[in-house]
Amino acid sequence: MKLEEDKEMRINQKGVEDIMVDDNVIKNFADIISKNNNIVVFTGAGVSTESNIPDFRSEDGLYKQKQKYTYRPEQIISHSFWKNRTEIFYDYYFNNMVYKDAKPNYSHVSIAELEKMGKVKAVVTQNIDGLHQNSGSKNVLELHGSVERNYCISCGQYYDLQTILDKGEKIPICEKCSGIIKPDVVLYEEELNQKVMQAAIKAIRQADVLIVMGTSLSVYPAAGLVDYFKGKSLVLINKSTTPYDKKANLIIHEKAGEVMKFVMALI
Ligand code: NAD
Ligand code: ZN
């Protein structure tokens, strides 16, 4: 066990949590970023857990939490459920999917910083929380839409998140035509926006480095995007194992935000 402990470095600095990552892995990761200017970052709900937004599949994720609803979350956030049990859908949605006061964490901030440095060319995200944009990322491809945007299904009128929250209705209703306002979020049974999907495929196909962060890579077709990557280095940062671990050139099973603090210090 001693050997094992020597190999791994327990990093403990002010403001930084203890993480167990081999020192060389951090150095290799920093080196990959330093040497490349065509990086794409592919993120999932795990990058926002450090902003206190629960993901789906972690121990304290939404799928494991005890809820007052008699339906499973996977059922509720589907198109047919939205259509047939609209009031329960919105109750679940506003209580579990919308985190208006959440602030970006160091994962979001470091990705935005790397874009400013000309290194990151695109952020492809499965998240709907808008935190990449809030931290300053410009080229963000939102595969599953965003809670920030909402549209009347009858007349197309746009509503921002704050406006529908302020309305405080059980089912948000359009002020112009009394139609139902639907969040611009891709529900189960719905198709992804093909323009966004094509742009994501293009960015990943052309990238030299793909950094995958905080996703279980189990929601398709989004997870399949990794297969389009033909570049040099696939870096995977995720707390738990994923079906793509074997394909990665560098793999870190730790908290993304904490890992990025150490990596950015070397760039
Ligand atoms: P997921 O819940 O399936 O997987 C999240 C993964 O992140 C897990 O494997 C977990 O081990 C890992 N993780 C958790 N915290 C982490 C951290 N601090 N650092 C590194 N890894 C961490 O989420 P998914 O793969 O994104 O797919 C679920 C779907 O849920 C997505 O399509 C997304 O639209 C939706 N979703 C989005 C949000 C959000 O916008 N913040 C929140 C919940 C769910
Ligand atoms: Zn309307």
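A polar contact is a pair of N or O atoms within 3.5 Å. In the predicted model described here, one such pair links ligand 1 to the backbone of Ile 128: an oxygen atom of the ligand is 2.7 Å from a polar backbone atom of that residue. Because 2.7 Å falls within the 3.5 Å cut-off, the pair counts as a polar contact.

Two further pairs involve ligand 1 and the protein backbone. An oxygen atom of ligand 1 is found 2.7 Å from a polar backbone atom of Ala 45. In the case of Lys 239, a polar backbone atom is 3.1 Å from a nitrogen atom of the ligand. Ligand 1 taken alone would expose 850 Å², and the protein buries 96% of this area. The ligand is surrounded by 27 residues, and the closest of them are Arg 57, Gln 126, Asp 129, His 144 and Ser 216. Sorted by class, this shell consists of 13 polar, seven nonpolar and seven charged residues.

The fold includes an open sheet of six strands, paired in parallel and arranged in the order β5-β4-β3-β9-β10-β11. Its edge strands are β5, residues 140-142, and β11, residues 250-252, each of which pairs on one side only. On average, neighbouring strands of the sheet are turned by 15° against each other, direction ignored. At one end of this order, strand β4, which spans residues 120-125, runs parallel to β5 and is joined to β5 by three bridges. Within this pair of strands, Val 123 stands opposite Val 140 of β5.

Two helices are in contact with these strands. Helix α2, formed by residues 23-35, packs on the sheet and touches β3 (39-43), β9 (209-213), β10 (233-237) and β11. The direction of helix α2 makes about 125° with that of β11. Helix α9, formed by residues 194-206, lies across β3, β4, β5 and β9, and its direction is at about 130° to β5. Strands β3 and β9 are thus listed among the contacts of both α2 and α9.

Two features of backbone geometry were also identified in loops. The peptide bond from Tyr 220 to Pro 221 is cis, with omega near 10°. Pro 221 is placed in the loop between β9 and β10, two strands that are neighbours in the order of the sheet. The second feature concerns Ser 178, which has a positive phi of about 65° although it is not a glycine. Ser 178 is located in the loop that lies between helix α8 (161-167) and strand β8 (181-185).

Methods:
Residues numbered from 1 in each chain as written. Chains lettered and ligands numbered in written order. Predicted model: local features only at pLDDT ≥ 70, side-chain atom pairs only at ≥ 80, totals over all residues. Heavy atoms only, no water. Pairing = 2+ DSSP bridges. Helix = DSSP H or I, 4+ residues; strand = E, 2+ residues; numbered from the N terminus. Axes fitted to C-alpha atoms, helices over the stretch in contact; angles between N-to-C directions. Contact = heavy atoms within 4.5 Å. Near = heavy atom within 4 Å. Polar contact = N/O pair within 3.5 Å; in protein donor to acceptor, adjacent residues only side chain to side chain. Areas by Shrake-Rupley, 256 points an atom, 1.4 Å probe, with all protein chains shown as cover. Nonpolar A, V, L, I, M, F, W, Y, C, P; charged D, E, K, R; others polar.
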